[in-house]
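Subject: Structure for your review

Dear colleague,

Please find below the structure that I am handing over to you. My findings follow directly after it.

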Protein chains: 2
Amino acid sequence: MPPRRAIRLVRAAASRPKRQRIRLETDQRRAQLLALAKRSFSDRAYDDVSIDDLAREAKISKGLLYHYFPTKRDLYVAGLSEIADELVAAISNVPEDLAPIDRVRRSLDAYLEHITRHARAFVSLMRGGIGSDPEVAAVVEGVRTRLFDKFLHGTPFAPILRGDARFETAVRGWIGFVEHASLDWCTSARLTRDELRDLLADILHQIMRIAAPSVFPQLAK
Amino acid sequence: MPPRRAIRLVRAAASRPKRQRIRLETDQRRAQLLALAKRSFSDRAYDDVSIDDLAREAKISKGLLYHYFPTKRDLYVAGLSEIADELVAAISNVPEDLAPIDRVRRSLDAYLEHITRHARAFVSLMRGGIGSDPEVAAVVEGVRTRLFDKFLHGTPFAPILRGDARFETAVRGWIGFVEHASLDWCTSARLTRDELRDLLADILHQIMRIAAPSVFPQLAK
DNA sequence: GGCGCTATTGAAACGTAGTCAATAGCCGAT
DNA sequence: ATCGGCTATTGACTACGTTTCAATAGCGCC
């Protein structure tokens, strides 16, 4: 039926194409949009991702997007939080019964494994697309705090030293070290993953020796 | 002369207030705007500083602002670069003839001194108001590279180890450590400045021992 | 087959970055 | 003095992206 096409075109021009509406459950749609946001904000900078783009890619109207996320920033933060949670979760299934030093090494393995798999997302998380937004800062800070806890969880001296300013400064600083080194490493891997892991673990070890001599009296410098 | 006020009001209403134009030399105007930008972007987030605000504060029109800086981002980057230069300059006048370890300690002193004096600017520099902008990233990266050079300049092993991946990873990671620890410290100083300085210096020392055993064979772990 | 609920739309409001032709102050020449 | 040119400066205008909201269409239920 050759006329079909012609008729269609006429109808389209006359009575407006009228894109068919696809109805989704709230949860599904929300999940779809979140996934899209995570991808988009990992690939491009915050300002380079427009609501129009997102809506077009999701094949919905801008209005609907705003129905699910009251603000572009909210959408961004929601995506970032998920990325953050995934990262923390990635190092959370390290066996409990290992020696502290092995736990650290295993955690580092899991951490490095995860960030190589999700390099783009990790970079966009850490570089913090909107540096000065308090919510974004809170997400990043949350990652640090939780990593701090994970890496130290189960070590015998953690309870003793909790609250010790010198110790906490040192370990939190080490987290900064790890972030920095892994960001560098993501963009140009000049060490193997094992070499980096060993280096990071060794340095943590030394840092704890320096920052908590009371626990390592025999090693005092 | 009571009528004065009334006359003024009438004139103002009739023939438009016509704000008087103040002509400035290009350099002065530019300097004024840069200073204003540095202040504003340190106080508020990038998006919360509008060109209209800046123009109003500077008592000039938007158009003129765009005459000096082709883009809001350019203005921001220009301000950020100055802050960055000031930070690097701050640690640049450490005497050349000190022992390496003392140079590091003196540099750290200068660094900490500077960031306490310019805490807000330092924080906005490091948090990188626009995380994903390549120019902004370049400024921050430039600070790191230059700090790296400054801290190591004059040490005997620097030339030997330049290019050694393990060593560079470690020292660059230490820069991350320092940034992180000093950002924390800016917001809540739980150590004295001297304690922090000593901690940072000790850790650098240990890090170099670990990362460059060939230079410290006698200390190999 | 109508009714109500809600996911969805489209257009319009709004704010902010960026443009540009016109203007006003300054200075040197006449 | 004043004219003329140079350039710092203006302000109205455009463009574009976020956000709002009343209207609409799909779906299940009676």
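Of the 221 residues in chain A, 46% are buried. Please note that this is a predicted model. The secondary structure of chain A consists of 11 helices and 0 strands, so that its pattern along the sequence reads α-α-α-α-α-α-α-α-α-α-α. Among the contacts in chain A with a separation of 6 or more, 68% join residues 24 or more positions apart.

Two buried residues of chain A

Ser42(A) belongs to helix H2 of chain A, which covers residues 26–43. Is Ser42(A) buried or exposed? Its relative accessible area is 13%, and because the cut-off for a buried residue is under 20%, Ser42(A) counts as buried. The side chain of Ser42(A) comes to 2.8 Å from the backbone oxygen of Lys38(A). Leaving aside residues up to four places away in sequence, Ser42(A) is in contact with Ala37(A), Ile83(A), Arg120(A), Ala121(A) and Ser124(A).

Asp133(A) sits in a loop of chain A, between helix H7 (119–127) and helix H8 (134–152). Asp133(A) has a relative accessibility of 5% and is therefore classed as buried. A polar atom of the Asp133(A) side chain lies 2.8 Å from the backbone nitrogen of Glu135(A).

The interface of chain A and chain B

The size of an interface is often given as the accessible area lost when the parts come together. For chain B and chain A, the buried area is about 3200 Å², with carbon and sulfur atoms giving 57% of it. Chain A brings 40 residues to the contact and chain B brings 39 residues.

How many salt bridges cross the interface of chain B and chain A? The rule finds 6 salt bridges there. In one of them, the side chains of Asp184(A) and Arg172(B) meet with an N to O distance of 2.8 Å. In addition, 8 residue pairs are in polar contact between chain B and chain A, counting pairs with both residues at pLDDT 80 or more.

On the side of chain B that touches chain A, the elements that give two or more residues are helix H10 (165–187) and helix H11 (193–211) of chain B. The largest share comes from H10(B), with 14 residues. By class, this side of chain B has 14 nonpolar, 11 polar and 14 charged residues.

The surface near DNA strand D

DNA strand D is surrounded by 24 residues, and the closest are Arg21(A), Tyr66(A), Lys72(A), Ile22(B) and Arg29(B). Of the strand D atoms that come within 4 Å of the protein, 60% belong to sugar and phosphate.

Several polar atom pairs can be named here. Ile22(B) places a backbone N or O atom 2.8 Å from a phosphate oxygen of DNA strand D, and a polar backbone atom of Ser61(B) is 2.9 Å from a phosphate oxygen of the strand. Arg21(B) addresses a base: a polar atom of its side chain lies 3.3 Å from a base oxygen of DNA strand D.

The elements that give two or more residues to this surface are helix H3 (51–58) and helix H4 (62–68) of chain A, together with helix H2 (26–43) and helix H4 (62–68) of chain B. H4(B) provides the largest share, 4 residues. The surface near DNA strand D divides into 8 nonpolar, 7 polar and 9 charged residues.

The surface near DNA strand C

Which residues are the closest to DNA strand C? They are Ile22(A), Arg29(A), Ser61(A), Arg21(B) and Tyr66(B), out of 24 residues that surround the strand. Sugar and phosphate make up 61% of the strand C atoms that come within 4 Å of the protein.

From chain A, an N or O atom in the side chain of Tyr68(A) is 3.0 Å from a phosphate oxygen of DNA strand C. From chain B, a backbone N or O atom of Ile51(B) lies 3.0 Å from a phosphate oxygen of the strand, and a backbone N or O atom of Lys72(B) lies 2.9 Å from a phosphate oxygen.

Two or more residues each come from H2 and H4 of chain A and from helix H3 (51–58) and H4 of chain B. H4(A) gives the most to this surface, with 4 residues. The classes are 8 nonpolar, 7 polar and 9 charged residues.

Yours sincerely

Terms used. Residues numbered from 1 in each chain as written. Chains lettered and ligands numbered in written order. Predicted model: local features only at pLDDT ≥ 70, side-chain atom pairs only at ≥ 80, totals over all residues. Heavy atoms only, no water. Contact = heavy atoms within 4.5 Å. Buried area = accessible area lost by both parts, 1.4 Å probe. Salt bridge = Lys/Arg side-chain N within 4 Å of Asp/Glu carboxyl O. Polar contact = N/O pair within 3.5 Å; in protein donor to acceptor, adjacent residues only side chain to side chain. Nonpolar A, V, L, I, M, F, W, Y, C, P; charged D, E, K, R; others polar. Buried < 20%, exposed > 50% of the residue type's maximum accessible area, 1.4 Å probe, protein only. Near = heavy atom within 4 Å.
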